[in-house]
Amino acid sequence: GYAQHFSTLLFMRILQGISGAALLPASAAMVADAFAEDSRARALGAYGSLLGFGLALGPVIGSFILAHSSWRWIFWINVPISVISLIICLCVTRESRSSQPMKIDLLGTILLVISLALLVLNINLAANVAWLSLPMLLLLTASIIGFILFFKHQSRHAAAIVPLHLLTKPSVMIGNFTAAATVSPGWVCLFLLPIYLFAMLQMSVLAVGQYIFIMTAMTIIAPIIAGWIFEKISRSIAIYMGFVFAISGLILMCFLQTNGPIWLIVVSFIIFGIGWGAGNGTAIPSAIKGESNTDHAALISGIILTSLNLVAVVLLSIATTVFSRVEQTQLSRLLKQRGFELSHEQLIKIKSLLAQPHDMIRYLHQLHHSLSSHQIKKIFDSAFMHGLSEAFFVVALVSFILMISTIVVQRRSQ
């Protein structure tokens, strides 16, 4: 909150991300360890609802702060909450230890971080660099080698951070696929949809938070319902409920337009939110179903959330790259149709001036172009919506493939 430079803010956000990445799987593992097998699914469903509660309130509180105060309070407000949470945990949480001595797999951690970073960098650069260029091929090759070394190391290391014998269990695979297909796309939605609401529909920051709340509020309700269905009716129905709603919501988002419509925004947000919440409530319970070993149950819970975050990072990189690439391609095509050839730098400059019509017209006159600011905005809006639609289509396609993979694994394990 006290950052005076972007580099400082970026560095502190990295530290915040490291802390959050450590807390999220650890908290799920603690819940799995604290409850017996017969009540573990309900406990994890309640845990998913609490995650949804935070997700639901976050955008509303954040938008309210931005609308009425300094952005710094977005960070400062978390300090007393974190301190109170720490005190509560110290007072009520019992210590649990593994029945076997554990060691930190430092080399495996380094290999995974480097390999994933190279892969994400490769995907992000694809928005502006040719796929088959030498830098892209070198990055991709280095990432693949890194992952090969990582998995080879994991197969030989006694205290592997990703135990391969657990990853290949059908129940764990189903849990991972469920989380990746229903929860990970939420990262894409929370990144792209506020931009859409703000840039295309000209909503205020407060209104953006309220619309996002429509989606995230579902992540409070759906885990409870999905958890009940999981335990009382059918595990498969609960799991595929998440898949169907998440994919349907993403497909509906492909049809969003520059003017909404509002009913489509609300419906798609609700439907995807239900799928997101259902995935939150069923991914871990399905992965640890029938697991009597408490240590394994806790470890699997951590693995699911870690995998979820890894997939979310990659999926967000893919979605933003597709969005940027399609937007630029469509923009160039529309301008060429009107007889204009603009450089990449000029396109970026015009895009930055969309909210300042007078400055944009002045810049266009300097380029000796006769397009009005309204015409330019219409072209950019069309390119933006094409990029957004393609990005959500790709995410929906990934989720659909994961659903098919879940069906295959489930049938083979029967």
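These exercises with worked solutions deal with a predicted model of one protein chain.

**Exercise 1. The chain as a whole**

Find how many helices and strands the chain has, and what share of its residues count as buried.

Solution. Start with the secondary structure: the chain has 17 helices and zero strands. Next take burial: 43% of the 414 residues count as buried. Finally, look at contacts with a separation of 6 or more: residues 24 or more positions apart account for 77% of them.

**Exercise 2. Helices H9 and H10**

Describe how helix H9 and helix H10 pack.

Solution. Two packed helices are described by the angle between their axes and the distance between the axes. Helix H9 covers residues 185-199, and helix H10 covers residues 205-216. Their axes are 10 Å apart, and the packing angle is about 140°. An angle over 145 degrees would count as roughly antiparallel, but H9 is oblique to H10. The crossing of the two helices is right-handed.

Now list the residues in contact. H9 contributes Cys189, Leu190, Leu193, Pro194, Leu197 and Phe198. From H10 come Val205, Val208, Tyr211, Ile212, Met215 and Thr216. Sorted by class, the contact of H9 with H10 has 11 nonpolar residues, one polar and no charged.

**Exercise 3. Helices H10 and H11**

Determine whether H10 and H11 are roughly parallel or oblique to each other.

Solution. Helix H11 spans residues 218-232. The axes of H10 and H11 come within 6 Å and cross at roughly 5°. Angles under 35 degrees count as roughly parallel, so H10 and H11 are roughly parallel to each other. On the H10 side the contact is made by Ile214, Met215 and Thr216, and on the H11 side by Met218, Thr219 and Ile220. By class, this contact has four nonpolar residues, two polar and no charged.

**Exercise 4. Backbone geometry in two loops**

State what is notable about the backbone at Gln202 and at the bond from Gly260 to Pro261.

Solution. Begin with the general rule: most residues other than glycine have a negative phi, and most peptide bonds are trans. Gln202 is not a glycine, yet its phi is positive, about 55°. Gln202 lies in the loop between H9 and H10. With a relative accessible area of 56%, Gln202 is exposed.

Then turn to the peptide bond from Gly260 to Pro261, which is cis, with omega near -15°. Pro261 sits in the loop between helix H12 (235-253) and helix H13 (262-288).

**Exercise 5. Cysteines**

Find how many disulfides the structure holds, and decide whether Cys189 and Cys254 are buried or exposed.

Solution. A disulfide is a covalent bond between the sulfur atoms of two cysteines. The structure holds zero disulfides. For burial, the cut-off is a relative accessible area under 20%. Cys189 has 0% relative accessibility, so Cys189 is buried. Cys254 has a relative accessible area of 13%, so Cys254 is buried as well.

**Exercise 6. Residues far apart in sequence**

Place Thr406 and Gly302 in their helices, and name the residues found around Thr406.

Solution. Thr406 belongs to helix H17 (residues 373-413). At 1% relative accessibility, Thr406 is buried. Setting aside neighbours within four places in sequence, Thr406 is in contact with Ile174, Phe177, Tyr240 and Phe243.

Gly302 is in helix H14 (residues 294-337). With 11% relative accessibility, Gly302 is buried. Gly302 and Ser27 are 275 residues apart in sequence, but the distance in space is 8.1 Å, C-alpha to C-alpha.

Methods
Residues are numbered from 1 along each chain as its sequence is written. This is a predicted model: local features need pLDDT of at least 70, side-chain atom pairs count only at pLDDT 80 or more; totals for chains, interfaces and linings use all residues. Side-chain values use heavy atoms; hydrogens and water are left out. Axes are lines fitted to C-alpha atoms, for helices over the stretch in contact, and angles run from 0 to 180 degrees between N-to-C directions. Helices (H or I, at least four residues) and strands (E, at least two) are DSSP runs, numbered from the N terminus. Angles under 35 degrees count as roughly parallel, over 145 as roughly antiparallel, 65 to 115 as roughly perpendicular and the rest as oblique. Contact means heavy atoms within 4.5 Å. Ala, Val, Leu, Ile, Met, Phe, Trp, Tyr, Cys and Pro count as nonpolar, Asp, Glu, Lys and Arg as charged, and the others, Gly among them, as polar. A crossing is left-handed if the near helix is turned anticlockwise from the far one by less than a right angle, and right-handed if clockwise. Buried means under 20% relative accessible area, exposed over 50%, partly exposed in between (1.4 Å probe, protein chains only). A disulfide is a pair of cysteine sulfur atoms within 2.5 Å.
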